[in-house]
Amino acid sequence: MHSIQLKNINKTYSKGTNQVVVHNNFNLKIKSGEFVAIMGASGLGKSTLLHLIGGLDQATSGEIIVAGQHLEHLNESQLTQWRSENIGFIFQAHHLLPVLTAQANVELPLALTPLNKKQRQQHASTALALVNMSDRADHFPRELSGGQEQRVAIARAIVSDAKILLCDEPTGNLDRKTADEILSLLSKLNSDFGKTIVMVTHDLKASEYASRVIDLELYLQSSECKNPENAPSQQTANQQEVVS
Ligand SMILES: Nc1ncnc2c1ncn2[C@@H]1O[C@H](COP(=O)(O)OP(=O)(O)O)[C@@H](O)[C@H]1O
Ligand SMILES: [Mg+2]
């Protein structure tokens with residue numbers, strides 16, 4: 001089953017009289033359970049893709065179907081609710097709130113759910129345990145290392161049990177060893193917990209962890225990108241592949 005489908009997407013930003021065409025007739029299919037790394041030069045439209053998939057931005061035209069939902073059919077408040085149930089975002093900068101502890105930061109997304117305080121605490125504790133941060137639950141972001149902050153951000157992304165994680169250069173600010181730890185953690189969330197992961201990255205080691213690597217520059221010229229019917233539908237998770 002496809003978890004993510006972009007069909008004939010056009011995305012144009014208008015800035016005054018200037019029109020920036022970012023994506024033109026763009027097609028992409030990602031299966032449930034895949035760990036896809038998207039690589040490519042700055043300005044190619046990688047972040048834009050993640051924003052479209054996560055419903056943070058709208059396509060100029062085309063269809064976006066994520067977790068069985070046509071996003072173009074949802075209004076702003078429906079999108080917010082849908083996002084909180086289905087999508088976890090992880091960015092290069094962790095965006096943790098400095099005045100809240102790790103535990104409270106992870107509990108935040110649950111404010112949109114019907115869970116009571118005790119349940120929210122339990123869910124956040126489980127998420128922190130998963131990223132191996134239980135012993136730092138009471139720490140504030142300034143009391144954590146960069147890698148630890150990113151682990152807390154990952155806990156926050158998974159606390160609602162979102163099935164899809166969208167990661168924008170999640171290791172961009174980290175040293176090699178810490179980056180490897182974060183990539184291993186994402187890989188574990190994919191293999192052991194079935195998360196579908198789309199990760200934009202410049203990290204050349206990403207291919208050691210992802211099940212598919214998309215070189216966006218090559219992909220944009222491919223028939224798979226231009227024609228939704230050409231997209232392969234038989235890729236299995238953990239199958240190493242470089243799209244060319
Ligand atoms: N909100 C915006 N308004 C106008 N242009 C934008 C906006 N966001 C992105 N762009 C333009 O779209 C292009 C792709 O941006 P982006 O998706 O951030 O690329 P990447 O993540 O691959 O570096 C760039 O040329 C950028 O300037
Ligand atoms: Mg970007």
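Helices, numbered from the N terminus, are DSSP runs of at least four residues. In this predicted model, the helix named H1 in that way provides three residues of the shell around ligand 1, the largest share.

The surroundings of ligand 1 are described first. The ligand is enclosed by Tyr-13, Lys-15, Val-20, Val-22, Ser-42, Gly-43, Leu-44, Gly-45, Lys-46, Ser-47 and Thr-48. At least two residues of this shell come from each of three elements, namely strand E1 (2-15), strand E2 (18-31) and helix H1 (46-53). Sorted by class, the shell around ligand 1 holds five polar, four nonpolar and two charged residues.

Two of these elements, E1 and E2, also belong to a sheet. Strands of a sheet pair through backbone hydrogen bonds, in either a parallel or an antiparallel manner. Here the sheet is open and has four strands in the order E2-E1-E4-E5, and the pairing is antiparallel. Its edges are formed by E2 and by strand E5 (69-70), each of which pairs on one side only. Between strand E4 (residues 61-66) and E5, the antiparallel pairing extends over two bridges. In this part of the sheet, Val-66 is placed opposite Gln-69 of E5. Helix H1, which contributes to the shell around ligand 1, lies across E1, E2 and E4 and runs at about 120° to E1.

A further arrangement concerns two helices later in the chain. Two packed helices are described by the angle between their axes and by the distance separating those axes. For helix H5 (residues 146-158) and helix H6 (residues 176-193), the packing angle is about 20° and the axes are 10 Å apart. Because angles under 35 degrees count as roughly parallel, H5 is roughly parallel to H6. The crossing of the two helices H5 and H6 is right-handed. On the H5 side, the contact is made by Gly-146, Gly-147, Gln-150, Arg-151, Ile-154 and Ile-158. On the H6 side, the contributing residues are Thr-178, Glu-181, Ile-182, Leu-185 and Leu-189. By class, the contact of H5 with H6 comprises five nonpolar, four polar and two charged residues.

Note on methods: Residues are numbered from 1 along each chain as its sequence is written. Chains are lettered from A and ligands numbered from 1 in the order in which they are written. This is a predicted model: local features need pLDDT of at least 70, side-chain atom pairs count only at pLDDT 80 or more; totals for chains, interfaces and linings use all residues. Axes are lines fitted to C-alpha atoms, for helices over the stretch in contact, and angles run from 0 to 180 degrees between N-to-C directions. Angles under 35 degrees count as roughly parallel, over 145 as roughly antiparallel, 65 to 115 as roughly perpendicular and the rest as oblique. A crossing is left-handed if the near helix is turned anticlockwise from the far one by less than a right angle, and right-handed if clockwise. Two residues are in contact if their C-beta atoms, placed from the backbone, lie within 7 Å. Ala, Val, Leu, Ile, Met, Phe, Trp, Tyr, Cys and Pro count as nonpolar, Asp, Glu, Lys and Arg as charged, and the others, Gly among them, as polar. A residue is near a molecule or strand if its C-beta atom, placed from the backbone, lies within 6 Å of it. Two strands pair if DSSP finds at least two bridges between them.
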